[in-house]
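Here is a short briefing on one protein model. Please keep the sequence and the 3D view open while reading.

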Amino acid sequence: MEFLAKVYVILKSTVNDPQGLTILAGLNSLGFQSVESVRSGKYWEIKVQEEDQQKAEVSVSEMCSRLLANPVIEKFTFEVDPV
């Protein structure tokens, strides 16, 4: 079966986010004063072929742990759905 994984990686809350601070300053300067904070991150859509959803989720989790996220400074979440 084919599955689509939506992977989200973001810096841990204890890690400084200079890109998020720059985006926040830009939004505030454009008049979006209601924005209090911004955390930047990464997003991927990955299609995988696996026997079932559980195997697809295990595979995507391993991808995240081994390559897509740095577990020291980042955390990840993902969704896996049949295509």
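The notes below cover the sheet, the helices, the core, the aromatic pairs and one residue of strand E3.

The model is predicted. Three strands form an open, antiparallel sheet in the order E2-E1-E3. Helix H2 lies across E1, E2 and E3. The largest nonpolar core has twelve residues.

**Sheet**

- Strand E2 (41-49) and strand E3 (74-82) are the edge strands, and each pairs on one side only.
- From one strand to the next, the twist averages 20 degrees.
- Strand E1 covers residues 2-11 and pairs with E3 in the antiparallel sense over nine bridges.
- E1 and E2 are also antiparallel, and nine bridges join them.
- Two bridge partners place E1 against E3: Phe 3 is matched with Pro 82, and Ala 5 with Val 80.
- On the E2 side, Tyr 8 stands opposite Tyr 43.

**Two faces of strand E1**

- In a regular strand, side chains alternate between the two faces of the sheet.
- Strand E1 shows such alternation.
- Phe 3, Ala 5, Val 7, Val 9 and Leu 11 point to one face and are buried.
- Glu 2, Leu 4, Lys 6, Tyr 8 and Ile 10 point to the other face and are not buried.

**Helices**

- Helix H1 spans residues 18-29, twelve residues in total.
- At 1.5 Å a residue, H1 should span 16 Å; its end C-alpha atoms are 16 Å apart, so the two values agree.
- Gly 31, just after H1, takes a positive phi of about 100 degrees.
- Helix H2 (residues 53-68) runs at about 155 degrees to E3.

**Nonpolar core**

- From the buried face of E1, the core includes Phe 3, Ala 5, Val 7 and Val 9.
- Its other members are Ile 46, Val 48, Ala 56, Val 60, Cys 64, Leu 68, Ala 69 and Val 80.
- E1, E2 and H2 are the elements that give two or more residues to this core.
- Ala 5 touches the core members Ile 46, Val 60 and Val 80.
- Ala 5 also touches Trp 44, Glu 45 and Glu 79; residues up to four places away in sequence are not counted.

**Aromatic pairs**

- The structure holds two aromatic pairs.
- Tyr 8 and Tyr 43 have ring centres 5.1 Å apart and planes at 40 degrees, so this pair is tilted.
- Tyr 8 lies in strand E1 and Tyr 43 in strand E2, so the pair ties together parts that are 35 residues apart in sequence.
- Phe 76 and Phe 78 have ring centres 6.3 Å apart and planes at 15 degrees; this pair is therefore stacked, as the planes are under 30 degrees apart.
- The tyrosines are partly exposed: Tyr 8 has a relative accessible area of 33%, and Tyr 43 one of 39%.
- The phenylalanines are partly exposed too: Phe 76 has a relative accessible area of 29%, and Phe 78 one of 26%.

**Thr 77**

- Is Thr 77, a residue of strand E3, buried or partly exposed?
- Its relative accessibility is 49%, so Thr 77 counts as partly exposed; exposed would need over 50%.
- Leaving aside neighbours within four places in sequence, Thr 77 is in contact with Lys 6, Val 7 and Tyr 8.
- The C-alpha atoms of Thr 77 and Val 9 are separated by 6.7 Å, although the two residues are 68 residues apart along the chain.

Definitions and conventions. Residues numbered from 1 in each chain as written. Predicted model: local features only at pLDDT ≥ 70, side-chain atom pairs only at ≥ 80, totals over all residues. Heavy atoms only, no water. Pairing = 2+ DSSP bridges. Helix = DSSP H or I, 4+ residues; strand = E, 2+ residues; numbered from the N terminus. Axes fitted to C-alpha atoms, helices over the stretch in contact; angles between N-to-C directions. Contact = heavy atoms within 4.5 Å. Buried < 20%, exposed > 50% of the residue type's maximum accessible area, 1.4 Å probe, protein only. Core = buried A, V, L, I, M, F, W, Y, C linked by side-chain atoms within 4.5 Å. Phe/Tyr/Trp six-rings, centres within 6.5 Å; stacked < 30°, edge-to-face > 60°. Expected span 1.5 Å × (residues − 1).
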